[in-house]
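Here is a short guided tour to read alongside the model. Keep the sequence and the 3D view open, and follow along at your own pace.

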Amino acid sequence: MARISQIEGNFQFRERSQWWSVTVLSVCVHFPGLTESVIAAACSRVGQSVLHLDRRNYYAGNWASFTFNGLLSWIEEYKVIYFYHFHSDTSLCKLYQLNKIASKCYLLCVIYSEEEEETKAPLTSFQPVNAETVSEETNGDSTEAQDTVTGDDAMATDAKTPNEEHEVSEPKEEQHTSDISEPSQSQEEKEPQLISSPADPPVEVEKKITYQKLVKEGRRFNIDLVSKLMYSRGALVDLLIKSNVSRYAEFKNIGRILTYSNGKVEQVPCSRADVFASKQLTVVEKRMLMKFLTFCLDFEQHPEEYQGMTPCKPFREFLKNKKLTENLQDFVLHSIAMVTQQTLTEEGLKATQHFLRCLGRYGNTPFLFPLYGLGEIPQCFCRMCAVFGGIYCLRHSVQCLVVDKAANKVKAVIDTRGQRISCSHFVVEDSYIRDEQRQSTAYRQISRAVLITDRSVLPSESDQQISLVTIPPLEPSAPAVRMVELCSSSMTCMPGTYLVHLTCSSSGTAQEDLAPVVSQLFHVSTIPGEEPSEEERSKPAVLWVMYFNMRDTSALDSSSYSLPSNVHVCTGPDGSLCSDYSIKLAESVFHHILPDEEFCPPAPNPEDIIYDGDGPQAEGPGFDESTNTEADKSQAEEEGAAHEKSPSTESSEPAEMDSVTQQAPSDTTPPSEE
Amino acid sequence: QHGRVKIKSTAQQEEEKRKEREKKLKAYVSARDGILKKRSAGEHDEEALQLTQQLLSSNPDFATLWNYRREVLLHLETLREKDEVQKLYESELHFIEACLKVNPKSYGCWHHRSWVNTRLPQPDWTRELGLCDRCLSLDERNFHCWDYRRVVVKESGVSVEQELQFTDHLIGSNFSNYSSWHYRSTLLPQLHPQPVPDSAPNAKYELAHNAFFTDPNDQSAWFYYRWLLGRAEREEMISCVYVSREGERVSVAFSKPVHVKGLMLVLDGQPQQVQWRSAHPRFRHSPVWVSFTSASPSSFTSSKCKRLCHVLGSAESWCRDSATDQELFRSELSVEKSSVLQAELQSCNQLLELEPQNKWCLLTIILLMRALDPLGHEKETLAHFQTLKEVDPMRSSYYSDLCSKFLIENTILKMEYAEVRVFSLSDKNLTILCHLDQLLFVTHINLSSNQLLRLPPQFAMLQCLEVLEADDNAIESLEGLYHLPKLEEVSLRNNRILFSKKSKCFIRNPFSGVRASA
């Protein structure tokens, strides 16, 4: 029972009486990102007990938002590569934890802003970080260490004691741990261009925002690892509305859609008002564009218009056939449909239609952005889950799964402290899956860049606009780049700065893919003390930049893994602009787990909930904790899960519990929150 | 079903809501009665303000309560210092804002707000303007707010340029905004009282072009555009005078319908006392007036205009302007110079190429063509009318009437040029008759093979008409035929005349020499 009390110590329970309820879970969600959070909320909403485990100390995984300082420590952490690898006997399924973000990560940060006092010397206090983890090369075998480097020493050491007692063997590959920082250092030296090369000439400096200032105001930043927008009629917005989760967040309209063509940034006329106000279009172009867009809105009604173009003619050709001018073709292809030259007509029409249907619901562009960053969205679903009794545990991880081989089902999970937690379903993010469990390892990469700049790429009357900038490929072979420029009123950056996210599908490293675009659009000072040319000075200056690659596993599906049937793998964020893929995935997993239940029915208003304390009929711990034990007990019996139940409700280690509670972020939602 | 949140059923919720409503109603009714009693007792105190505030904040449309509040405020005003009055009314403004949130289109609220501002010792117009801007950003067509805004603008002296910019801004965010377009049309004349010649000739049309090229089906911009192109009022004047010695009559035609109170007939320098009657007893205002006098007048004076007429010794004589098309019919779109109109016609034709079915575009083109050269464009105009009737069948009768009007105008012009007194317009699908005042001298009219339904009372203006042919129409009523002194021959074959008592009488009654064939 020492083991069980250990669990209690780590979970933040207010009510001792229910500490053990986690051992009779219906669903255990591991490593939650957006998809996993939605599944958890949906399950919790219909009365399933849900446990969230996350080894990290922040929510939302690859979907997380960081403060500037948080991002810096995330980068620091990044220098070390984590691999989990557990030896286990045959009854245990091996879980192999890959790196958090991507198997191949290439990270580069450069600070371009200068400290005010030092007028000459380029700032060097923050060295460019170039961490390259090479899982393909290491092939899963050169796996390196684990818990000890998570930055949570207390828990890591705690975890060891029970592990030793437990059947699960401890990770053995620790010997490699210390090597890691060196390769990444050498890597850095190999690429001279990476060396931080800051600084604008001193003359200019007076008013500039310094790196110190960025660090000082770091809490004002909410920097997303994933850069996405929400289509106002997309799956995510629909779900937020339907489930009432929208009440936990606030949103801002994307103010304008821009594009980069012929060396300048210009506004894309996409709504009626834009077309009307556009100064770049001739009146005839206005008519042609409006006519085309009106047709796209219900293109299915006019099959004669595009019959000749389907099924295999590209959209681009169709646009040409429609006699749109070159200019208009670019607008439609890159900025409205947001498809490639190769996209087929019907797909292009559908994309255009979707864009147009989203227009006008909340504003003159089809997009919304959540205040405080995209990382809010998984958190909102986590909150919903918690309100209906879901339990959250950060800095806590699963070591392995207990598998009933005959049934090919997971019966329980063993956490890093060796605790066995029974569950009937296990939901996990793709990055936790070992290569041995994969049927195919084909996945793509996303190249990302995050910039902090001093002004907008297209200054206008209002400096508080979120802009989506679509950048057609600079060379035919290069990918199209999507850029989102966030203003400070989106609560993602400090006043006076803009937070710029660039995303494209990788053809090389993030820097190779994105640096050319960055240097086209922004002023990146390369030589210290060099006077920027007039042209350069007209561009926004980059104060800080980071490049990294992310794995895009969205192409994988359940057939890609050889796992027990009740293990549900959720792929990470995909490279698209919207989150629809993740939401649809969540819905399909949910229906797989609970085929007869409704997906995220509207949460009731607090005043419509009946508090009558009817024993097992009553609601989850979010509403009435005292009755929960009963409910869980009966449920557990029904499921017939074989697990130890502890009758004891008293044993506890308050000191340890406290320490965990303190370390956990304050926004952790305790199960008893109402 | 374990662990599920139990939720009240719809019936339970309904029941709760019903009870809630009942409670509210009871409280409301008793408060209302209390206030009305207080008012009839003539109590004007702070309590009255509080009570009315409670009710008005849930129902701002209760006009009686606003009236009561005004009474109370006027009374309190007399009791207080100036500073306190300022405070009193300022808090009133805050209260109204709360009410406007309940109903932003409450007549009572907006009216009360204007009133408060007139009472306020130091009104803060900037703030009021801000309020209007905010309201209009929420609902750009709230006409209550537009009205109030005009008051504020007037009081605070916002410049016309600023207001024009404001309409630009609103139109930019949504150009389907009649209020803004209309506001522009009132501002532009203030800014340029006289049409400024050649100052960026196309600049002011650009906005309208942008709007109707973006969405040609949005009529707000088209209306504005037509306003821009100008709708000149015809000046009131005596356009012609006809004197018949034989019939001892003087007929006077004006450029538009008038009531001839001040019309004087001066004969050889001597003012005459004559009775004027309109062409048809039904018209109080008419463009044609007739008086019976034995003498020949030489000059007419009305309150606004004067006209001299020299009558020689013949049986009849007249004098009139040699009317040009410009004067007669170009009033629709005439302010601009023809070079501008020509350019606009080109723009519209460009749009028509892209949108051959657009009715607004077609109609505007027709109007522009008429303004430029009605006879030269007659063929195209007719073709466009045909398209219009096809694409907009709901309004085909309107287009037919309009087309008839234009055809009549053209025929009159042709007649003018030919200097004849014969008006022939057969087989043209005419549906109505108009501009009959222009036909004062006509002796022969041929309207056969059209689709006329009646000979309207205006027909009585044809003072010289001798022969009327109107075969093969669908004429039902002959109202206009009764007052034609010189009519000799009428042909109404193949019509649908309803023989009422009166018309039978007409058939029998031998206006000497009238040969009727029906």
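Helices and strands here are DSSP runs, helices of at least four residues and strands of at least two, numbered from the N terminus. With that naming in hand, B:D437 can be placed in the loop between β10 (422-424) and β11 (444-446) of chain B. Please bear in mind throughout that this is a predicted model.

**How far to trust chain A**

The mean pLDDT of chain A is 68, and 62% of its residues reach 70 or more. Over residues 1-24 of chain A the pLDDT is below 50, although this stretch has 85 contacts in the model beyond near neighbours in sequence. Residues 113-206 of chain A also stay under 50 in pLDDT, and for them the model has 199 contacts beyond four places in sequence. Where pLDDT is low, the predicted coordinates should not be read in detail.

As a whole, chain A has 21 helices and 24 strands. Of its 674 residues, buried ones make up 60%. If we take the contacts in chain A between residues at least 6 apart in sequence, 76% join residues at least 24 apart.

**Strand β12 of chain A and its partners**

A good place to zoom in is strand β12 (residues 251-261) of chain A. Eight of the eleven residues of β12(A) are buried, so this strand is largely enclosed by the rest of the structure. Which strands does β12(A) pair with, and in which sense? The table sets them out, with one bridge pair for each.

| Partner of β12(A) | Sense | Bridges | One bridge pair |
|---|---|---|---|
| β13(A), residues 264-267 | antiparallel | four | A:L258 with A:Q267 |
| β14(A), residues 367-370 | antiparallel | three | A:F251 with A:P370 |
| β20(A), residues 466-471 | parallel | five | A:T259 with A:T470 |

The pairing of β12(A) with β13(A) forms a hairpin with two residues between the strands, and A:N262 takes a positive phi there. That phi is near 50 degrees, a positive value in a residue other than glycine. Is A:N262, in the loop between β12 and β13 of chain A, buried or exposed? With a relative accessibility of 73%, A:N262 counts as exposed.

**Helix α14 of chain A**

Both strands of that hairpin turn up again around helix α14 (residues 326-336) of chain A. This helix is mostly covered, with eight of its eleven residues buried. The buried residues of α14(A) are A:L328, A:Q329, A:F331, A:V332, A:L333, A:H334, A:S335 and A:I336. What covers them? The cover includes the strands β12, β13 and β20 of chain A, together with the helices α11 (283-297), α13 (315-321) and α15 (345-358) of chain A. Just after α14(A), look for A:M338, which takes a positive phi of about 55 degrees.

**A helix pair in chain B**

Now turn to chain B, and to helices α4 (residues 82-102) and α6 (residues 125-138). Two packed helices are described by the angle between their axes and the distance between the axes. The axes of α4(B) and α6(B) come within 13 Å and cross at roughly 5 degrees. Angles under 35 degrees count as roughly parallel, and α4(B) and α6(B) are therefore roughly parallel to each other. On the α4(B) side, B:L93, B:H94, B:E97 and B:L100 take part in the contact, meeting B:R127, B:E128 and B:L131 in α6(B). These residues divide into three nonpolar, one polar and three charged.

**Three single residues in chain B**

We can now return to B:D437. At 15% relative accessibility, this loop residue counts as buried, because buried means under 20%. Which residues does B:D437 touch, leaving aside its neighbours within four places in sequence? They are B:A253, B:F254, B:P287, B:V288 and B:M461.

B:V250 is found in strand β2 (residues 249-258) of chain B. This residue is buried too, with a relative accessible area of 0%. Eleven residues away along the chain is B:S239, and the C-alpha atoms of the two are separated by 14 Å.

Last comes B:N494, found in the loop between β13 (489-491) and α17 (501-508) of chain B. Its phi is near 55 degrees, a positive value in a residue other than glycine. B:N494 counts as exposed, at 55% relative accessibility.

Definitions and conventions
Residues are numbered from 1 along each chain as its sequence is written. Chains are lettered from A and ligands numbered from 1 in the order in which they are written. This is a predicted model: local features need pLDDT of at least 70, side-chain atom pairs count only at pLDDT 80 or more; totals for chains, interfaces and linings use all residues. Side-chain values use heavy atoms; hydrogens and water are left out. pLDDT is the predictor's confidence in each residue, from 0 to 100. Contact means heavy atoms within 4.5 Å. Buried means under 20% relative accessible area, exposed over 50%, partly exposed in between (1.4 Å probe, protein chains only). Two strands pair if DSSP finds at least two bridges between them. Axes are lines fitted to C-alpha atoms, for helices over the stretch in contact, and angles run from 0 to 180 degrees between N-to-C directions. Angles under 35 degrees count as roughly parallel, over 145 as roughly antiparallel, 65 to 115 as roughly perpendicular and the rest as oblique. Ala, Val, Leu, Ile, Met, Phe, Trp, Tyr, Cys and Pro count as nonpolar, Asp, Glu, Lys and Arg as charged, and the others, Gly among them, as polar.
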